[in-house]
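Work through the exercises below with the coordinates open. Each task is followed by a solution in steps.

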Amino acid sequence: AKEPTSAPVVWAAMRVPWLLLASWRLSGSMAAECGMQDAATLGHSSRSNGAPDLLSLVLHGMRAASLAPTPAFNLHDHFQLAGAVATAACSVSDMAATSVEVGSFAGHTLLFSAAVLRYLGTQEGPPGRVVGVEPKLRGNALNRSAAQLQRRITHFPAKAEEMRVWASRQRLRLFFEDGRHTYASTAASFDIFEPSLVMGGVLVMHDVGCCGSEYPGLLRFLREHVLRNGSGYRELHFPVPTWESLQPSMEQELVDMLEASADRRSFSRRHVFRRMPAEHRYLPPCAELCASTSNENYNRLAESALARGYQWSLCPNVRVFQRVGADRSP
């Protein structure tokens with residue numbers, strides 16, 4: 001499939017405005033409107049003129065979400081989701097617009113998104129609300145979360161196909177597709193929710209990167225529907241700091257939170273975070289790690305204390321797109 005005609009937007013740096021949502025709007029310069037920060041400073045959580053950097057959003061979100069397990073949401077994915085949530089809040093001024101997440105597992109990304117919205121200062125109504133569509137959430141992390149986050153989350157114990165009437169009445173600023181990962185289920189989910197995604201709204205898709213080979217149907221849908229010419233989407237990329245650029249205390253906190261969210265899972269721990277010995281500096285490229293996810297070499301890499309840790313945590317597995325035009329399907 002061909003890439004979209006509009007060039008992908010690469011965010012070499014980012015700073016999110018510390019403004020009320022009512023004053024945010026989509027303008028001719030997305031970078032200027034949604035803010036910028038020198039990528040070299042991403043490893044240092046700091047504020048200037050009251051504006052939180054992207055790392056601050058990630059830390060705040062991960063602290064809130066650490067109660068809930070996540071199968072395969074690594075550090076890169078958290079940065080992309082934080083950027084997506086902030087961009088959606090920045091780009092869509094409609095105060096009635098909300099966000100929906102299809103496939104919430106145990107609520108990790110629901111809590112993460114709600115915490116990011118709270119940190120950004122959005123109101124607790126639709127602009128600051130995250131709707132999760134999941135037949136049965138694992139565990140009780142949502143019930144144990146802070147009250148101010150619970151007020152921002154609505155969970156529908158339903159399948160995507162049962163949400164058609166609800167979705168038809170919504171205006172969505174963000175649509176996060178993380179459901180069953182087959183071609184048919186993804187197409188059905190898009191058929192229900194995508195028509196409600198407003199201009200400037202943001203689409204997030206999980207498991208279409210490093211783990212993509214495990215879901216060929218999902219990747220085929222991405223190529224045919226989102227990446228094709230005339231889809232009306234442009235891809236967004238948000239900066240992720242290297243481990244070396246982080247302050248030691250911040251690195252340790254991120255490691256601990258990644259390990260905590262993985263260790264609390266009751267099923268296969270193949271993505272458990274592994275610490276890298278300080279004297280060991282070689283990291284295999286993501287292409288090698290990701291290509292090994294479905295073969296026996298994967299176990300060799302995992303046991304080497306290289307894969308399921310520092311390097312895998314930076315391998316892209318989430319892709320973010322923004323609606324910038326109408327679908328021009330033939």
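Rings of Phe, Tyr and Trp (its six-membered ring) count as a pair if their centres lie within 6.5 Å. The model is predicted.

**Exercise 1. Find the aromatic cluster and classify the pair Y183 and F221.**

Step 1. By this rule there are six aromatic pairs. One aromatic cluster is formed by F175, Y183, F190, F193 and F221.

Step 2. A pair of aromatic rings is described by the distance of the centres and the angle of the planes. For Y183 and F221 the centres are 5.7 Å apart and the planes stand at 75°. Planes over 60 degrees apart count as edge-to-face, so the pair Y183 and F221 is edge-to-face.

Step 3. Y183 belongs to helix α8 and F221 to helix α9 (residues 216-226), so the pair ties together parts that are 38 residues apart in sequence.

Step 4. Y183 is partly exposed at 25% relative accessible area, whereas F221 is buried at 5%.

Step 5. Y183 also has a charge over its ring: the charged end of R220 sits 3.8 Å from the ring centre.

**Exercise 2. State whether T186 is buried or exposed, and list its contacts beyond four places in sequence.**

Step 1. T186 is part of helix α8, which spans residues 183-193.

Step 2. Buried means under 20% relative accessible area; T186 has 0%, so T186 is buried.

Step 3. With neighbours within four places in sequence left aside, T186 contacts E177, H181, M205, L218 and F221.

**Exercise 3. Place S196 and identify the partner of its side chain.**

Step 1. S196 lies in the loop between α8 and β8 (197-206).

Step 2. Its relative accessibility is 8%, so S196 counts as buried.

Step 3. A polar atom of the S196 side chain lies 3.5 Å from the backbone oxygen of Q170.

Step 4. Not counting residues up to four places away in sequence, S196 touches A167, S168, Q170, R171 and L172.

**Exercise 4. Locate the largest nonpolar core relative to the domains.**

Step 1. The largest nonpolar core has 49 residues; L57, M62, L111, L174, V204, L254 and V320 touch the most other members.

Step 2. Elements that each supply at least two residues of this core include α2 (54-65), β7 (172-177) and α10 (248-263).

Step 3. Domain 1 (54-241 + 314-323) and domain 2 (243-308) both give residues to this core, so the core lies between them.

Step 4. A second, separate core has 25 residues, among them F175, F190, I192 and Y233.

Note on methods. Residues are numbered from 1 along each chain as its sequence is written. This is a predicted model: local features need pLDDT of at least 70, side-chain atom pairs count only at pLDDT 80 or more; totals for chains, interfaces and linings use all residues. Side-chain values use heavy atoms; hydrogens and water are left out. Helices (H or I, at least four residues) and strands (E, at least two) are DSSP runs, numbered from the N terminus. Buried means under 20% relative accessible area, exposed over 50%, partly exposed in between (1.4 Å probe, protein chains only). Contact means heavy atoms within 4.5 Å. A polar contact is a pair of N or O atoms within 3.5 Å; within protein, one must be able to donate a hydrogen and the other to accept it, and residues adjacent in sequence count only if both atoms are side-chain atoms. A nonpolar core is a set of buried Ala, Val, Leu, Ile, Met, Phe, Trp, Tyr and Cys residues joined through side-chain atoms within 4.5 Å. Domain bounds come from an automatic or database domain assignment. Rings of Phe, Tyr and Trp (its six-membered ring) pair if their centres lie within 6.5 Å; planes under 30 degrees apart count as stacked, over 60 as edge-to-face and the rest as tilted. A charge sits over a ring if NZ of Lys or CZ of Arg is within 6 Å of the ring centre and within 35 degrees of the ring normal.
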